[in-house]
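Visitor: I am new to this structure and would like a close look at a single part of it. Could you take me through one pocket, and then through what lies around the elements that line it?

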Amino acid sequence: MNGKLRTLLTAAGSAALVAACAMGPKAPLPTIPAEGQGAFIGSQSASVSTEAARDDWWRLYQDPTLDGLIQQALTENNELEAAAANLRAVRASLSEARSGRFPTTTTSAAYNRSRASTDTVPTANGAKLPEVDTYDVGLDVAYEVDLFGRVESSIRAARGDVAAAAAALEVVRVTVAAETARAYADTCSANAQIAVAERTIDLQTQTVDLTQRLLDGGAGNGLDVARARAALEQTRASLPPLRAARDGALFRLATLTGRTPAEASEAARACQSPPQLSQPIPVGDGAALLARRPDVRQAEARLSAAAARVNVATAGLYPSIRLGGSIGATALDASDLGESANMRFSFGPLISWSFPNVWAARARIKQAGAQSDAALATFDQTVLTALQETETALSAYANELDRRTALRTARDQAATAARLSRLRFDAGADSFLTVLDAERTLAGADAALAASEAQVTTYQIGLFKALAGGWEQAPDPEA
């Protein structure tokens, strides 16, 4: 072997052994604010506990219909299916990047019949040249010596992409579980509010009948009848929006569970009250939250991938070394391909380097560095957003519980006032206007309480979503 070639190959082999050390800096380590790792501000409320948050939070409602709907959504939802397919695609990209660690091989086989032109190859008396058959087979092998870590950095970037895609799938899973529960609760709450409105309509219809009988008997007046009918129609006017809201929630639920509106759940349609909790919500602490939130892990994975791509771009400043070789045979007859005289081979390194034209490479390094800085800032913002969303959800839930307690008291007092005003009217101690006013107050209190019951469930589900329940983390064997 040529001495210079041996020296070059020896140097290249040594470089391959230390390639892993030349990959450049690792991803910057993101930091978590110490203030965000302790107990939540809102965890002082009696409505929550500091026990670890649950993945299957919807089972706390002990509602078999809700359990079945969420299981169906996690199995049939199309957005989840798309996210899973995207993860498979990114995993395939990682496999492609890993193939850079191994030699590339190309096999070839060719047959060619040719004849030269007599204008370019003169012959005696202008005779035609003979036709020649040529057979060729070969094997080409090439291997990139990863001296400056381009291949390994590309693999690190692809591995970060896989982790980010896996976290993105978990983000969708969390969202689908929460939105399915919300759509179911909205359907139930709308039915509960419709029932309240219908009870109020029944009461007001009785009042209209009473005022009409009094008028017909000469003891009443047309003003009382008009007022009673106005109150009745006003309550009737509240029914269409409530029915539309119920249908909208039901159709949304169908879409989340992979069904058409015509296939909407009949069990959900028949639900008459929103699901209720019988225990405080377990919320854990800030450190557990940030470990659970898939959007935080997604931002961290993207940061790792962006840092690796800085190394890929940096490797562009340095030479690329490839070891290549080929072996084959070329013959005029297929049966002669195995003869040693027809064998051919070549072997040697290929060094390519864009120096001194490195401006494009430096521009790519700056671009990758800026993207890494952006990924770090995004991670920091994602952490703050996760903490903010959870604290906001805790505050909204606790305060709505207080509001509901006050509304229950107001509703009870309004019912008492309506009953007493009717007794006093029957006894002739009060005017009918007092009865109408008391019944109007009771109708408003009933509607407000029903709306608050719906809002409590909505805030509960919002809190569960902020806590990132609805998925089970497992190691990715392909990462």
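Guide: In this predicted model, the second largest pocket has a lining of 15 residues, and those nearest its centre are Thr235, Ser238, Ala443, Gly444 and Ala447. Its volume comes to about 260 Å³, and the lining divides by class into seven nonpolar, seven polar and one charged residues. Among the elements that each supply at least two residues of this lining are helix H4 (150–216), helix H5 (222–236) and helix H11 (432–466).

Two of these helices can be followed further through their salt bridges. In helix H4, the side chains of Arg182 and Glu179 meet in a salt bridge with an N to O distance of 3.3 Å, and because the two are three residues apart in that helix, about one helical turn separates them. Arg182 counts as buried, at 18% relative accessibility.

In helix H11, Asp437 forms a salt bridge with Arg440, where the closest N and O atoms are 3.8 Å apart, and this pair too is three residues apart in the helix, so that about one helical turn lies between them. Here Asp437 is partly exposed, with a relative accessible area of 44%, and Arg440 also counts as partly exposed, at 41%.

The nonpolar interior comes next. The largest nonpolar core has 51 residues, of which Trp57, Tyr184, Ile281, Val283, Tyr397 and Leu463 touch the most other members. Among the elements that give two or more residues to this core are H4 and H11, and H4 gives the most, with nine residues. A second, separate core of 13 residues includes Ile194, Ala228, Phe425 and Phe432.

Note on methods:
Residues are numbered from 1 along each chain as its sequence is written. This is a predicted model: local features need pLDDT of at least 70, side-chain atom pairs count only at pLDDT 80 or more; totals for chains, interfaces and linings use all residues. Side-chain values use heavy atoms; hydrogens and water are left out. On a 1 Å grid over the protein atoms alone, a cavity is a set of points where a 1.4 Å probe fits but cannot get out, and a pocket is an open set with protein on both sides within 12 Å along at least five of seven lines; lining residues have an atom within 4 Å of a point. Grid points are joined across faces, edges and corners, and a volume is the space filled by probe spheres set on the points. Helices (H or I, at least four residues) and strands (E, at least two) are DSSP runs, numbered from the N terminus. Ala, Val, Leu, Ile, Met, Phe, Trp, Tyr, Cys and Pro count as nonpolar, Asp, Glu, Lys and Arg as charged, and the others, Gly among them, as polar. A nonpolar core is a set of buried Ala, Val, Leu, Ile, Met, Phe, Trp, Tyr and Cys residues joined through side-chain atoms within 4.5 Å. Buried means under 20% relative accessible area, exposed over 50%, partly exposed in between (1.4 Å probe, protein chains only). A salt bridge is a side-chain nitrogen of Lys or Arg within 4 Å of a carboxyl oxygen of Asp or Glu.
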